[in-house]
Amino acid sequence: MVHAIRIHQTGGPEVMKWEEVSVGEPGPGQVRLRQTAVGLNYIDVYVRTGLYKNPLPLIPGMEAAGVVEAVGPDVQDIKVGDRVGYCTGGTGGYAEARLYPADRLIHLPDGIDDQTGAAMLLQGLTAHYLLHRTFPVKPGQTILFHAAAGGVGLIACQWAKAMGATVIGTVGSDEKAELARANGCDHTIVYTRENFVERVKQITDGQGVPVVYDSIGKDTFYQSLDCLSRLGTMVSFGNASGPVGAVDIGILNTKGSLFLTRPSLGGYVATTKELRDSANDLFAAVLSNKVKIDVRQTFALKDAAQAHIALESRRTTGSTVLLP
Ligand code: NDP
């Protein structure tokens, strides 16, 4: 038996209970992992509240790092003692140990410790596909990235800057603005008090930006469209303020023949090769100091409810790790 955070009904942070669960032996294609660090992500909130539907009861959590302690039949390239991380195989992460499909594991290189690994995979691979594949950012372009001081935001803004972009980041406070400027943002907008459409127009001499990366959803979606230049791309990739809901596609015509996409990481790393190639690009960016991974908060795993409260009330910055 091991301990895990389990939810029996969706709801507020209080539905997360620290319970004993059995793990069992790995089946074909599986390994058993002893987890040393668990990544906190905004998707964990959507799972807990029921915005993203899953069968109950469940153990939340998409991401962790740890050591392989048992290997099932038909596992090719993972062995007992390997140090690995993961972020794309579904829920079950908030646990001291668990079973996991071997073909969704990523070896952690020397130079990436377990806490860093657990902090960076989901947010870093997201920043990777957004900037390189959804809308490939070119040197000299000016981009708008919302929640620039958050987990995905701090990584993406550093990376975009290293790729030669001018980065405009929105943030919820002056302290977050300072942090974002130290991590790749050329311009910051405190969107809780400033009109970000006007500021983007000012910064770009009225032109607007070719791409907006918007994970805020309901509160920012339509204003984000107003920040785009003609033929611009709206990348709506999250719902921190609530889902956007139905959109009348005619609006894309009236605002300048815009493009709209609603991507998710799973769609970009569906094969083991895509997953591991993308992870190698991410590790290279971190190990060459293009991108620093900042674990800015840690909580005991059993206190995951406190971590969710901090994340939802916009009190975290950068990445957060839960320690089993
Ligand atoms: P963050 O650390 O960025 O936390 C969310 C941030 O959103 C907050 O810190 C806050 O920053 C901002 N925010 C704005 N309005 C609200 C609100 N009403 N309630 C709460 N937060 C708000 O989280 P992550 O880095 O884990 O994830 C960032 C976003 O990216 C999430 O929306 C997540 O769902 C999405 N995501 C999408 C993926 C995909 O593939 N589609 C994959 C990974 C993440 P501030 O105070 O500065 O406004």
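The ligand occupies the space that forms the largest pocket of this predicted model, a pocket being, on a 1 Å grid over the protein atoms alone, an open set of points with protein on both sides within 12 Å along at least five of seven lines; a molecule sits in a pocket if more than half of its atoms lie within 2 Å of its grid points. Two or more residues of the shell around the ligand come from each of helices H1 (42–49), H2 (114–134), H3 (151–162) and H10 (304–312), where a helix is a DSSP run (H or I) of at least four residues, numbered from the N terminus. Of these elements, H2 gives the most, with four residues.

Around the ligand there are 29 residues, of which Tyr 46, Tyr 129, Lys 176, Tyr 191 and Arg 314 come nearest; a residue counts as near if one of its heavy atoms lies within 4 Å. The shell comprises 14 nonpolar, eleven polar and four charged residues, with Gly counted among the polar ones.

Oxygen atoms of the ligand also lie beside the protein backbone: a backbone N or O atom is found 2.9 Å away in Gly 151 and 2.8 Å away in Val 152, while a polar backbone atom of Gly 172 is 2.8 Å from a ligand oxygen. Taken alone, the ligand exposes 910 Å², of which the protein buries 92%, as computed by the Shrake-Rupley method with a 1.4 Å probe.

Residues are numbered from 1 along each chain as its sequence is written. Local features need pLDDT of at least 70, side-chain atom pairs count only at pLDDT 80 or more, and totals for chains, interfaces and linings use all residues, while side-chain values use heavy atoms, with hydrogens and water left out.

Conventions:
Polar contact = N/O pair within 3.5 Å; in protein donor to acceptor, adjacent residues only side chain to side chain. 1 Å grid on protein atoms, 1.4 Å probe; cavity = no way out; pocket = protein on both sides within 12 Å on 5 of 7 lines; lining within 4 Å.
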